[in-house]
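I opened this predicted model to look up one residue, then the nonpolar cores, then the enclosed empty space. My notes follow in that order.

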Amino acid sequence: MRGGVITVSADGTILDLHAEEQVDSLAGVEFYSGILIPGLVNAHSHLELSYLKGTIKPGGGFVEFAAGMSTQRGRFTSKERIAAAAYQDARLWAEGVEAVGDVCNGSTTFELKTRSHIRYLNFLELFGLGCSSTAPLQSVAMQATTAGLTTVITPHATYSLNRDAFSASIAAGPTALPLSIHFMETPDEAELFHDRGALRQWYDQRGLTTDFTDRYASPAARIVAEIPASRKVMLIHNTCVTEAEVDLLQAHFGENLTWVLCPRSNRHITGLTPPETLLRRKGVRIALGTDSLASNSDLSLIEELKCFPNTPLEELLRSATLTGAEALGLEDTLGSFEEGKRPGIVRLTGVDLQHRRLTPEATTRRIL
């Protein structure tokens, strides 16, 4: 909308939205150049890993990245971890992020989230081939509930849980909230289901066994077999997904499925690129995430958008706003400018308006 005027109440609720020919001549109106967009939605992040920024070298592949995570975790104090997360929370808000789908393996970020302006949907991530239930997460879930945080237990990935634990994490609930599952980030995930590849070797070296690789033909087949079609699901990364797998998963979940892309994280870890063209051709719901600072230089969604220079601007902005809100179940209040919503207002600058493309200088700053 060119020359759009948004009227809001004191608490930010949109009261009216219409176009004017001469916005800068109206009384009582704040005028901004650039584009006004709703608050951003980061559909996948790991705020608690913010202390790992710059500690894991790029390009080593997934197994080396996972090993680096294990090595680096013990080098930082609790105080350093909390301070790093608090800084990133403040920066996300200033850049216009209204909501985050945030993965948690512990309670490090819970206290700061109770004070944050950002709405967090906290995914308590279960992983480990040695676990058979959600018991390792029960104390974390209790802390989240006590803090009043919206939280759901979710399986980490199809390759990191045996069948009992995978089923338990799906059923743990609340089932009205979506699951967030790392999916096809590396070719080794599919190779594991054929008992080969780097993941298989890594597991064998550590004496870890799987009870699913001889039961399902692929990670996608496992998800379809074990997760009800009625459950909302967010699949994260998807760099190695095939067209046949997209068709299989979409046929099962339909509108309950969101494909979340984190292109800069993929570039850092494996150098791979998510198949955005394929997904857009299929007309599926696409949202964006930043992943963690263990595999990214910052948590800026606008920098993720710049990874797709050939995508129409309207589609890009939708993937960073409304589709993310839909994925997290927050579309009633966030994601778009509509009367009655309270989505936040963000100023986007550095846009080539003639060609409707982001420039390298594009940036976002919160207005409301």
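**Entry 1, a threonine in a strand.** I began with Thr364 and listed its contacts beyond four places in sequence, which are Leu40, Glu95, Ile302, Val346, Arg347 and Leu348. I then placed Thr364 in strand β13, which covers residues 357-366. Is Thr364 buried or exposed? With a relative accessible area of 3%, Thr364 falls under the 20% cut-off and is therefore buried. For its side chain I looked up polar partners, and found that a polar atom there lies 2.7 Å from the backbone oxygen of Glu95.

**Entry 2, the nonpolar cores.** I noted as background that nonpolar side chains in soluble globular proteins tend to be buried together. The largest nonpolar core in this model has 62 residues, and those with the most contacts inside it are Phe183, Ile227, Leu235, Leu249, Trp259 and Leu358. Helix α4, residues 135-146, gives the most to this core, with four residues. I also recorded a second, separate core of 18 residues, including Val41, Val103, Ala287 and Ala327. Going back to Phe183, I listed its contacts beyond four places in sequence, among them Leu235, Leu249 and Trp259, as well as Glu189, His237 and Asn238.

**Entry 3, the cavity.** How many cavities of 30 Å³ or more are there? I found one, and the largest cavity has a volume of about 30 Å³. Its lining is made up of Gln88, Arg91, Leu92, Glu95, Asp298, Leu299 and Ser300, and I sorted these residues into two nonpolar, two polar and three charged. Glu95, a lining residue here, is also the residue whose backbone oxygen lies 2.7 Å from a polar side-chain atom of Thr364.

Notes
Residues numbered from 1 in each chain as written. Predicted model: local features only at pLDDT ≥ 70, side-chain atom pairs only at ≥ 80, totals over all residues. Heavy atoms only, no water. Buried < 20%, exposed > 50% of the residue type's maximum accessible area, 1.4 Å probe, protein only. Polar contact = N/O pair within 3.5 Å; in protein donor to acceptor, adjacent residues only side chain to side chain. Contact = heavy atoms within 4.5 Å. Core = buried A, V, L, I, M, F, W, Y, C linked by side-chain atoms within 4.5 Å. 1 Å grid on protein atoms, 1.4 Å probe; cavity = no way out; pocket = protein on both sides within 12 Å on 5 of 7 lines; lining within 4 Å. Points joined across faces, edges and corners; volume = space filled by probe spheres on them. Nonpolar A, V, L, I, M, F, W, Y, C, P; charged D, E, K, R; others polar.
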